[in-house]
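Good morning, colleagues. I should like to take you through one structure today, moving from its sheets to a pocket, a helix and a few individual residues. Please keep the display in view as I speak.

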Amino acid sequence: MSGPDDVKKSLSLHMAEEHLSVAKMSQHFLESQRRYNYVTPKSFLELISFFKYLLGNKQADLQRLIDRLDVGLSTLRKTSQDVTELQKDLKITMEKVGEKKVATDKLIEEMSAQQAEAQVQEEAAQIEAKKANDESERAMVIEVEAEKELSEAKPAMEAAAAAVDCLSKAMLSELKNLKKPPAGVDKVTNACLILIDKEYNPKKQSWNNAKKMMQNVDAFKGKLAEFRGEDITEQEIDLIKKYVEDPNFTPEKMASKSAAAANLCTWVVNIYGFNRIYVKVKPLMDSLQAARESKTAAIASLEAAQEKVAQVQSELAALNERYENALKEKKEVEDQAEALTTRADLAQRLVGGLASENVRWGEEIEKLKSNSLTLVGDCMLAAGFVSYVGAFDKDLREELWKNQWSADLTDRGIPMTEGSDPLEVLSNEGMNSKMVQAIKWLKKKEEGNLDIIQLTQKNWLKILTNAITNGRCVIIENIGNEIDASLDPVLSRSIYKKGRSLYLNLGGEEVEYDPKFQLYLQTKLSNPHYKPEIAAQ
């Protein structure tokens, strides 16, 4: 609260006077009407709190009105100055419109030339595309023929791979641990030495070297699996041919001697057979490679042509973008010119039309500043009305605020509007003296964010807890003279802070508190009588 020290002192004395007068009136109320009204220290604190809140709001509202009028006056003066500047800006903008038109016409000429160049490049690209297509078809014919020939070799290669897969570590370990191989098994290992270890010397094609070859079983299997039948040389073919053509060199005959030898035999026979087919198809594969290279070259040539087209198209697109931007800029400056013309005209008319308002707004500001001085008394009267007189009937209310409090404010020299009415001061604060109207108004105001409960229903505490946590509004209907003790922490606002959150205890449990939570109590009792500590809350 702001103001001279003597007004502050007078206000504090008047607040005490209101409190004491209500205490006397409450006694009279009991004696004359048999109805109770309690006045407690908390009632006095509520008076002070609401007075500060109401005065702050009213001062802020008044200042907003003053600021709005002040802004209007400043705008009016600035508008007068802006009219001349707008005329200057309009002249400059019209010059820009002419420049943009010349630039746009020049871009149209450049675009025509660029479009012709793009047409030439596209025709060249079409020729290259036909060449690439022809080469692709030729390669496809050769590839189909080669695939057909190679398909004959596929079963042999698959059989060789299957033979390797069938070789277990135990089989190979058993084979390599033999001091002397069964008859014929040495031919299988000799063939493997020739192909895997490239051992062409017959003297070194021994059982000991074969065992060394198989020493690391996993590595040996890996070499078999990775072996390329295409890479077998004619020298190796000549060396293993005698084994492959030997009628006793078959998986079936080797199976009776060693499972590992049988699988190795299968591998040798099939890898040999694959190579013979591959060598036969090799010239066709070379032709296929040549056709593919020719196709690749044609595609490269096509890509180069397409790259040229793309480049020209990119340049054309960039040019088109420049053209679009130029049109946009031209439209913008034309719009600016039109807007400036409109603004200058409106500003001129505004200045002429509001010339008389200049004086009236100035006088209104001074009047509002004067009203700000009487807000203190008006808000004090309204705060007392809200804090104290709700329980009394109309006559007793008017006796308090109209006769006693208004006179005391005047006697103490506290500024106040003549004939001030608290209901008029509170009219924009959502006050309503009739309970039914107030409840209807509240339900409409809080629609979608309102819970209505009664203390007789089973789940009322759960609904209230949820509303406190989520910041909802709650109306408790049909309150009797006795109020459930569970509500005490809510009514007394026993809120505490833990970390960054607010909490209160409700029904023996800690509940997170949202400051947006609101609680309204409604009773249908004609003469309710609550304990002083409840009434004060």
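**Sheets, a pocket and selected residues**

Let me begin with a loop: the one between helix H5 (185-196) and helix H6 (207-213) contains Lys198. Please note that this is a predicted model. Lys198 is not a glycine, yet its phi is positive, at about 55°. Its relative accessibility is 39%, so Lys198 counts as partly exposed.

A second residue of this kind is Arg34, which is likewise not a glycine and has a positive phi of about 60°. Arg34 sits in the loop that lies between helix H1 (5-33) and H2. Is Arg34 buried or exposed? With a relative accessibility of 64%, Arg34 counts as exposed; the cut-off for that class is over 50%.

I turn now to the sheets. As general background, strands of a sheet pair through backbone hydrogen bonds, either parallel or antiparallel.

Consider the parallel case. Three strands form an open sheet in the order E1-E2-E6, and their pairing is parallel. Which strands are at the edges of this sheet? They are strand E1 (450-454) and E6, each of which pairs on one side only. On average, neighbouring strands here are turned by 20° against each other, direction ignored. E1 and strand E2 (residues 473-477) run parallel and are joined by five bridges. To give one pair, Ile453 has Ile476 in E2 as its bridge partner.

The edge strand E6 covers residues 518-521 and includes Leu521. Leu521 has a relative accessible area of 37% and is therefore partly exposed. In sequence, Leu521 and Glu477 are 44 residues apart, while their C-alpha atoms are 6.4 Å apart in space.

The antiparallel case follows. Another open sheet of three strands has the order E3-E4-E5, with antiparallel pairing. Its edge strands, each pairing on one side only, are strand E3 (496-498) and strand E5 (509-513). Neighbouring strands in this sheet are turned by 45° against each other on average, again with direction ignored.

How many bridges link E3 with strand E4 (residues 501-506)? There are three, in the antiparallel sense. Tyr496 has Tyr503 of E4 as its bridge partner. On the other pairing, E4 and E5 are antiparallel over five bridges. Here Leu506 is matched with Glu509 in E5. E4 and E5 form a hairpin with two residues between them, and Gly507 in the turn has a positive phi of about 60°.

Next, the second largest pocket. Rolling a probe the size of a water molecule over the atoms shows where empty space is left. In this model the second largest pocket holds about 330 Å³ of space. Its lining is made up of 16 residues; those nearest its centre are Lys58, Asn371, Leu375, Asp378 and Thr417.

Which helices each supply at least two residues of that lining? They are helix H2 (41-150), helix H11 (357-388) and helix H13 (422-426). H11 gives the most to the lining, with six residues. Sorted by class, the lining of this pocket has seven polar, five charged and four nonpolar residues.

Helix H11 also contains Val386. Val386 counts as partly exposed because its relative accessibility is 32%, and the class lies between the limits of 20% and 50%. Val386 and Lys9 are 377 residues apart along the chain, and their C-alpha atoms are separated by 22 Å.

Finally, helix H7, which spans residues 217-226 and has Val217, Phe220 and Leu224 as its buried residues. Why do these residues lie on the same side of H7? They do so because they cover an arc of only 65° around the axis. The face of H7 that is turned away from this buried side carries Ala225 and Glu226, which are exposed.

To recapitulate, the two sheets discussed are E1-E2-E6, with parallel pairing, and E3-E4-E5, with antiparallel pairing. The second largest pocket takes six of its lining residues from H11. In H7, the buried residues are on the same side of the helix. Thank you for your attention.

Notes
Residues numbered from 1 in each chain as written. Predicted model: local features only at pLDDT ≥ 70, side-chain atom pairs only at ≥ 80, totals over all residues. Heavy atoms only, no water. Buried < 20%, exposed > 50% of the residue type's maximum accessible area, 1.4 Å probe, protein only. Helix = DSSP H or I, 4+ residues; strand = E, 2+ residues; numbered from the N terminus. Arc of directions from axis to C-beta. 1 Å grid on protein atoms, 1.4 Å probe; cavity = no way out; pocket = protein on both sides within 12 Å on 5 of 7 lines; lining within 4 Å. Points joined across faces, edges and corners; volume = space filled by probe spheres on them. Nonpolar A, V, L, I, M, F, W, Y, C, P; charged D, E, K, R; others polar. Pairing = 2+ DSSP bridges. Axes fitted to C-alpha atoms, helices over the stretch in contact; angles between N-to-C directions.
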